[in-house]
Every structure is written in structure tokens, then in C-alpha cells.
Amino acid sequence: MDEVSKGKQHDGDGEFYARLLRAYFDSTNDAIFVLCNELKFLSCNRRMESWLGIAEDELTRHNCRIPITNLVGNTDTAACFERAARDVLGGESQRFECLLEPDDATPRWVEINMTRVDVEAGDMVIAVARDITERRAQMARILHQSTHDSLTGLPNRTSLQAFLEAQGGEGHTLAVLAIDVPRFRDVNEALGHQLADEVLKTITAGLKDIVRQYRDTRVFRLAGDQFVIVSKDVAARCWKEITESVQHWLITPMEQSGIELTLGSKIGVSLYPSHVSHPGELVRAAEAALHAAKQQATTGVKMYYPELLASGGERLALLNDLRQAIENESLAVHLQPIAPLHGQGLMRLEALARWRHPERGMVSPEHFIALAETNGLILSLTWLVIKSALEQAAPLIRNARIESVSINLSPYCLLDAGFTVKFAEMIARHGIEPSSVMLEITESIAMSERMQKYTVMSLRELGVELSIDDFGTGHSSLSKLRQLPVTELKIDRSFVTNMLNDENDEAIVIATIQLAHSLGLDVVAEGIEDADVLQRLGELGCDYAQGRYLCDALSLDDLQDWLDNKHTPGRVA
Ligand code: C2E
Ligand code: MG
Ligand code: MG
């Protein structure tokens, strides 16, 4: 073969190989394109043409070439290209993911690998792009599944923790409500999983409606019947209102497959920065408060306090100290006056337990009563309080200095069948009438079925008076209230203290007084802290008043002094 034909043959090979390369270039599923250092197209394959909706000819036409940053249809992506190209031209290959949103083609996520090619004409960038739209969607689905609950679609515990960890900082406040639906387990057992799932969806819908009314408030589902609501800043200050809405929603009977269900709720509350130093600790604190609320039959909502998260060892130590205090009878019982507001009869007293811990100082009754209730100490504690209250008050009753003494009763005492007999003996031993002893039971316990049947009836038959304490914090049914053998309602102090600054509180106070009177019951308002509230309650027809403005709970000696001097200015009798 001569030199000329050899040359032709080579030319033919070159053309053949160029065409072959082009075919490879166009047949791949990846988009391949070459850009100059101004990010304008020098070449691209078919895939890239279709992804951009523009033909290669047009992209590479001399003098009309447009930089890729003007074609991707997304400013973030354009910025990515610019950054990557700068680094690539500096000699570092780049890999990144971005969204292509060209005007005339379907949007897609792509993963791009870019490298520099040095040629005589100048530096070029060669890029290979792979469509990762489906991969990303799948990843998003997996991520969603791992951060959301499949039944209700609510974000789960992982999301909650991630959300809280990202919060905090100067001036921010957060409130976390841990919500439990105590009767859900019964529903699950009675109606089966399928209907129970529907109930959970209904609960979710209601909680979503509630959180929608507040800015920066969201709901999560942690497990079974456990939900959490998180509110931030302004909404965090409304935690009480949100809590009440949740309680109200869950106590509202709901219909499921023709069955009417009333579920109820237990709620634990924790606040940042009041209770914890980092938002990430809020859930643990709210769950500890929820646990405490669940231990007490009478409590619907419990606020976090530091001892709740005390280590097991610490709690055990405190429990042992409490047991000892009960055994040594070193718990004190203070007496707080309850004053008649319309000159009818004598002063009355409420007995309130006090515990001064040798190292910790005064421990709140709400705390140690809860501790006693959950550890089987409540009966012996109650007997100690009854004994001390009767010892202190009986002489005052016998001498007609006071009318009666009120004693708080834990629901656990009502489960003790021998309670009434023992109580009757103690009253008799002190030479007073059963009618000079009043027992305070909380509203939710008064409303429970079991309560109505047993001990309460026998106590009433014995002749002691019964009072419903903390009225307004539970949910009373009017018909049950009518059947209960009680003589008095005590309006919870949370409605009284601030009633002149809060229309809702005042409305509740007014309604309770009217309700009690229409049922022939007396009303006590507790938590009176100033003269204006006292005066208003008098105008509203409230029968008895109790609160710091009149007198705090005092030791017997101080109380006797107070009774002697009760007409000192500012203190009304
Ligand atoms: P409670 O029976 O509703 O008692 C009234 C509470 O209001 C008492 O709190 C009393 O000190 C407080 N208080 C009185 N005046 C005012 C006021 O003007 N403002 C405010 N903010 N509070 C006032 P305390 O003594 O801390 O008792 C808390 C709760 O602990 C009681 O609420 C009762 O549920 C329980 N408790 C106390 N002693 C006993 C007991 O011997 N047995 C049982 N089972 N529970 C008890
Ligand atoms: Mg009370
Ligand atoms: Mg009360």
C-alpha cells in the first residue's frame, strides 16, 4: 500500500473512531458536557440536550453561547456550578449534587463530577452528570419513615430530639407537654387494634387542630398513646392554655364505630430555661413530670420539679427519710384558717402536712405526698396527719373556738375498707362529733365510679362532712355531683388568686358559686392573696375564704395567737 492510501486509511480510522466515540458519548445514561473557562458549552451529548431542552448546535453556536449558570433555572445550582468550576480550574476535581430546573425540561436532581482538561486552546471543564432524582426521593422516603410515625404521619421521637437540640439560645423560651391517654390501653383491648388505630388518628387530628392555633407549636408522637407538644417563645407562654385545650379535647366524648369513648389525659410539663439548662433535656423532664402525674389518681397535669429527675439513689434516700419521718412522727401538721364570709358561724381550719428535711429544708407537700402515694406510705402518713390534726383541733372544737377541722384525704385511703371504722374510733376518742370533721377529696376522685360506692358512703353515714377540693381542675359531671353526699365545693386556688385580672378565672369562680348554691352546697375559695379578691368573693356570695391574705397555715401556738388577735387591721374574720 502506498503512503497516500495509508494516509486515507488513517483518516478513515480517525473518522470511524470519532463517530464511535460520539456514539458512546450519546448512548450513555449520564449527561456529559464540556465547558470553557467561562462555563459556556463547547460540547454536550444527547442526554444533556434533553435535560436542558436545548440542542447541542444551539448551545455551542459561536457568539451565542450561554453560560450553564443561566440555563440551570435555579440560583443555588448556578452558585454551585460557579464555585465548583473555580475549584476545578484551580486543579481540584469536584463532585456535587444540584437541582436542574431548565425552562423547557423536567426538573431533576443530578450528581455532577467535574474535572479539568488541559488543551492547547485553553482550560476546559469536562462534566459527567447522573440523574439521582429517584435515589433522592427514596432517601427522602427512608428519612421520612425514620423520623415520622407511619400511622399518624406525625414526626417521631427522633425528630423531636433533633428539633429540640437545634433550639435554645439567648432569649428563647420553650414549653414541652408530654401527653398520655390513660384509657387508650382499654380501648385497644376492648375494640382491637384496627379501631384503636382509628382512635389514634382522631386524637392526632384534634391535637393538630389545637397546635394550629398557635405560632411555633408542633405535635409529635413518641409511642402508642404518647404525644408531645412543643411550643416556642410567645406560644410557650401559653402552655397552660394549650394544656387545657388538650385536656378538654381528650375528655370530650368521641364516637368511634358507633361507640362513645371518653379517653382523658395525663400531662407532664417542662419549660426551658426555667427547668432545664439545655432544650435537649426538656423531654426527659416532661416525661418525669408525666410519670408523676400518672402515679396520682387525682392529678391531670404535673409540672416538672428537679427532684423528679433525682437519681434513683437520691429518690430512695429521700423515701427512706420520709419513712423515718413518719415512723418518728416528725412530720408536722399546720393549720390554716377558713373564715366564714357572712358572719355565719365560727372559724374553721384545714390541716396541712409539713416536712422539714434535716438537710434539704422544707419539702413541698405536693412532692412528699406524691412520693408517699407511689411507695405505699400514704396510709401511715394520712393516719399521722389525722392523729395530729385531731389532737390539735379537738380542744379548740370542744371549747367552741373553731367550728371544724378539714383533713385532706388521698384516694388510696378510700380503697382501705377498714378506714371508716378506725376513723370513727379516733374521732370518738377525742370527744368531738363526726360532723366537726370535714374530709377533702379531690374532684377527679370524687367523680370516679369506685369512689361513689364504698368508703365515701360509709364516711357520710358516720356523719363526717365531705368537701370536694381543687374544684374546677377535674371534670365534673353534674348528675354525679348531685348524687354525691358532699356538703361543700372548694374552688381551686389557681382560679381564685388572679381572678380579678383574668375574666375566664372570674367566670369559673362565679359559675362554681352558682352551681354549688343551686345544689345546696357551700363554697370555699382558697388562695386569696389580697383584699380586693376577698371583697369580690364576698360580693359574689362565696361562703368561706381561705388564703395567705387572711392567714397562712400556722403551728398550733401561732394559730392560737392569731385566733386571739384575728381582728388586727387587714385581716378579716
Ligand atoms: P390543698 O388541699 O388544695 O391545700 C391548699 C394549699 O393552698 C396549701 O398548699 C396551702 O398552703 C396553699 N395556700 C393557702 N393559702 C394560699 C394562698 O393565698 N396562695 C397560694 N398560692 N397558696 C395558698 P400546701 O400546704 O403546699 O399543700 C398542697 C397540697 O398538698 C394540698 O392542696 C393537698 O392537696 C396536699 N396536701 C397537704 N397536706 C396533705 C395531707 O395531709 N394529706 C394529703 N393527702 N394531701 C395533703
Ligand atoms: Mg385541701
Ligand atoms: Mg385545694
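Reader: Which residues are the protein donors of the magnesium ion (ligand 3)?

Author: This is a predicted model, in which local features need pLDDT of at least 70 and side-chain atom pairs count only at pLDDT 80 or more, whereas totals for chains, interfaces and linings use all residues. Residues are numbered from 1 along each chain as its sequence is written, chains are lettered from A and ligands numbered from 1 in the order in which they are written, and side-chain values use heavy atoms, with hydrogens and water left out. Donors are N, O and S atoms within 2.8 Å of the metal (3.2 Å for Na, K and Ca), and sites may look incomplete because water is not among the atoms. Lying 2.0 to 2.3 Å from this ion, the protein donors are Asp469 (OD), Asp470 (OD) and Glu526 (OE).

Reader: How many residues apart are aspartate 469 and glutamate 526, which link distant parts of the chain?

Author: Along the chain, the donors of the magnesium ion (ligand 3) follow the spacing D-D-x55-E. Aspartate 469 belongs to strand S18 (residues 465–471), while glutamate 526 sits in the loop between strand S20 (522–525) and helix H22 (531–540); helices (H or I, at least four residues) and strands (E, at least two) are DSSP runs numbered from the N terminus. The separation of this pair in sequence is 57 residues.

Reader: Is aspartate 469 buried or exposed?

Author: The terms rest on relative accessible area: buried is under 20%, exposed is over 50%, and partly exposed is in between (1.4 Å probe, protein chains only). Glutamate 526, with a value of 7%, is buried. Because its relative accessibility is 7%, aspartate 469 also counts as buried.

Reader: How far apart do the two magnesium ions lie that aspartate 469 bridges?

Author: The magnesium ion (ligand 2) has the protein donors Glu350 (OE), Asn408 (OD1), Glu440 (OE) and Asp469 (OD), at 2.0 to 2.2 Å. Aspartate 469 is also a donor of the magnesium ion (ligand 3). It therefore bridges the two ions, whose separation is 4.1 Å.

Reader: Which strands hold glutamate 350 and glutamate 440?

Author: The donor residues of the magnesium ion (ligand 2) are spaced E-x57-N-x31-E-x28-D in sequence. Glutamate 350 and glutamate 440 are both buried. The pair ties together parts that are 90 residues apart in sequence, because glutamate 350 lies in strand S14 (residues 347–357) and glutamate 440 in strand S17 (residues 437–442).

Reader: Which residue has a side-chain N or O atom 2.6 Å from a nitrogen atom of ligand 1?

Author: Ligand 1 is surrounded by 22 residues, the closest being Arg354, Asn408, Asp469, Glu529 and Arg548, where a residue is near if one of its heavy atoms lies within 4 Å. The side chain of glutamine 336 places an N or O atom 3.0 Å from a nitrogen atom of ligand 1, and a polar side-chain atom of glutamate 526 lies 3.2 Å from an oxygen atom of ligand 1. The residue at 2.6 Å from a nitrogen atom is glutamate 529.

Reader: How many salt bridges does the structure hold?

Author: A salt bridge is a side-chain nitrogen of Lys or Arg within 4 Å of a carboxyl oxygen of Asp or Glu. Aspartate 26 and arginine 46 form one at 4.0 Å, N to O, and it ties together parts 20 residues apart in sequence, because aspartate 26 is in helix H1 (residues 3–27) and arginine 46 in helix H2 (residues 46–52). Arg95, Glu97, Glu111, Arg135 and Arg136 are linked in a network of such bridges. The structure's salt bridges number 30.

Reader: Which helix contains both glutamate 198 and lysine 201?

Author: These two side chains form a salt bridge in which the closest N and O atoms are 3.4 Å apart. Glutamate 198 is partly exposed at 33% relative accessibility, and lysine 201 is partly exposed at 36%. They are three residues apart, about one turn of the helix, and both lie in helix H8 (residues 193–212).

Reader: Which helix gives the largest share of the largest nonpolar core?

Author: A nonpolar core is a set of buried Ala, Val, Leu, Ile, Met, Phe, Trp, Tyr and Cys residues joined through side-chain atoms within 4.5 Å. The largest has 80 residues, of which Leu322, Val405, Phe423, Ile528 and Leu537 touch the most other members. Its largest share, 12 residues, comes from helix H13 (residues 378–398).

Terms used
A polar contact is a pair of N or O atoms within 3.5 Å; within protein, one must be able to donate a hydrogen and the other to accept it, and residues adjacent in sequence count only if both atoms are side-chain atoms.
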